[in-house]
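Open the model in your viewer and keep the selection tool at hand. We will go from stop to stop, and at each one you will find out what to select and what is there.

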Amino acid sequence: REGHSNVPRSHIEDSTKLGEWLSKQRERKRKGILAKSLEKRSEDAGVVWDVQSEKWENSYRLLLKFHQREGHSNVPRSHIEDSTKLGEWLSKQRERKRKGILAKSLEKRSEDAGVVWDVQSEKWENSYRLLLKFHQREGHSNV
């Protein structure tokens with residue numbers, strides 16, 4: 001019915017707190033106490049062990065799709081891509097970078113995808129380049 005095994009923590013299925021049970025399985029795997037056979041069966045059922053990482057990867061794939069279509073990665077904050085609030089996600093990545101809590105590997109991948117961290121500075125630089133071009137062509141900067 002759902003097409004995935006990413007069960008919300010609060011989900012109850014047939015009177016069973018399935019979301020809580022899955023959270024406990026993830027915790028057991030993190031601690032290294034989940035039997036390999038149960039881990040394999042869970043993976044066969046589509047369980048994602050690191051939900052946050054999976055969400056990041058999904059948003060990153062959407063960023064690449066946006067970049068390929070638009071030719072840049074400056075996603076407007078209100079932009080939604082395939083039912084994902086991609087613009088909000090990118091804003092959060094920028095905030096995490098500013099705070100110094102974005103992993104360097106994710107920072108590099110984002111830069112490789114064309115992410116500009118300081119959008120205002122980038123806009124200023126672009127406008128300044130246009131001003132220089134105008135000045136060179138017209139001999140003045142009185143725009």
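Select tryptophan 56 to begin: with a relative accessibility of 6%, tryptophan 56 is buried. Here buried means under 20% relative accessible area, exposed means over 50%, and partly exposed lies in between (1.4 Å probe, protein chains only). This is a predicted model, in which local features need pLDDT of at least 70 and side-chain atom pairs count only at pLDDT 80 or more, while totals for chains, interfaces and linings use all residues. Residues are numbered from 1 along each chain as its sequence is written, and side-chain values use heavy atoms, with hydrogens and water left out.

**Stop 1: rings in helix H3**

Keep tryptophan 56 selected and add tyrosine 60. Both residues lie in helix H3, 4 residues apart, which is about one turn of the helix. Helices (H or I, at least four residues) and strands (E, at least two) are DSSP runs, numbered from the N terminus. Is tyrosine 60 buried or exposed? Tyrosine 60 counts as buried, because its relative accessibility is 9%.

Now look at the rings themselves. A pair of aromatic rings is described by the distance of the centres and the angle of the planes. Rings of Phe, Tyr and Trp (its six-membered ring) pair if their centres lie within 6.5 Å; planes under 30 degrees apart count as stacked, over 60 as edge-to-face and the rest as tilted. The whole structure holds 3 aromatic pairs. In one of them, tryptophan 56 and tyrosine 60 are stacked, at 5.1 Å centre to centre and with 15° between the planes.

Add Trp89 to your selection: Trp56, Tyr60 and Trp89 form one aromatic cluster. Then add arginine 109, whose charged end sits over the ring of tyrosine 60, 4.5 Å from the ring centre. A charge sits over a ring if NZ of Lys or CZ of Arg is within 6 Å of the ring centre and within 35 degrees of the ring normal.

**Stop 2: rings in helix H6**

Go on to tryptophan 124 and tyrosine 128. They are 4 residues apart in helix H6 (residues 119-138), so about one helical turn separates them. Tryptophan 124 is exposed, with a relative accessible area of 53%, and tyrosine 128 is partly exposed at 36%.

Extend the selection to Leu131, Leu132 and Val143. Together with Trp124 and Tyr128, these residues make a nonpolar surface patch of about 540 Å². Patches are made of residues with over 30% relative accessible area and no salt bridge; like charges are joined within 9 Å, and nonpolar side chains (Val, Leu, Ile, Met, Phe, Trp, Tyr) within 5 Å. Accessible areas come from the Shrake-Rupley method with a 1.4 Å probe, and for residues only the protein chains shown count as cover.

**Stop 3: salt bridges**

Side chains of opposite charge can pair when their charged atoms come close. A salt bridge is a side-chain nitrogen of Lys or Arg within 4 Å of a carboxyl oxygen of Asp or Glu. How many salt bridges does a search of the whole structure find? It finds 14.

- Select glutamate 95 and lysine 99: they form a salt bridge, with the closest N and O atoms 3.0 Å apart. Both lie in helix H4, 4 residues apart, about one turn of the helix. Glutamate 95 is partly exposed at 34%, while lysine 99 is exposed at 56%.
- Select glutamate 107 and lysine 104: their side chains meet in a salt bridge of 3.6 Å, N to O. The two are 3 residues apart in helix H5 (residues 104-112). Glutamate 107 counts as buried at 13%, whereas lysine 104 counts as exposed at 65%.
- Select arginine 137 and glutamate 138: this salt bridge spans 2.9 Å, N to O. Arginine 137 is exposed at 54%, and glutamate 138 is partly exposed at 39%.

Next, pick Lys29, Lys36 and Glu39, which are joined into one network by salt bridges that share partners.

**Stop 4: two serines**

Finish with serine 15, in the segment before helix H1 (18-31). Its phi is near 65°, a positive value in a residue other than glycine, and serine 15 counts as exposed at 75% relative accessibility. Then jump to serine 83, in the loop between helix H3 (51-70) and helix H4 (86-99). Serine 83 is not a glycine, yet has a positive phi of about 70°; at 74% relative accessibility, serine 83 counts as exposed.
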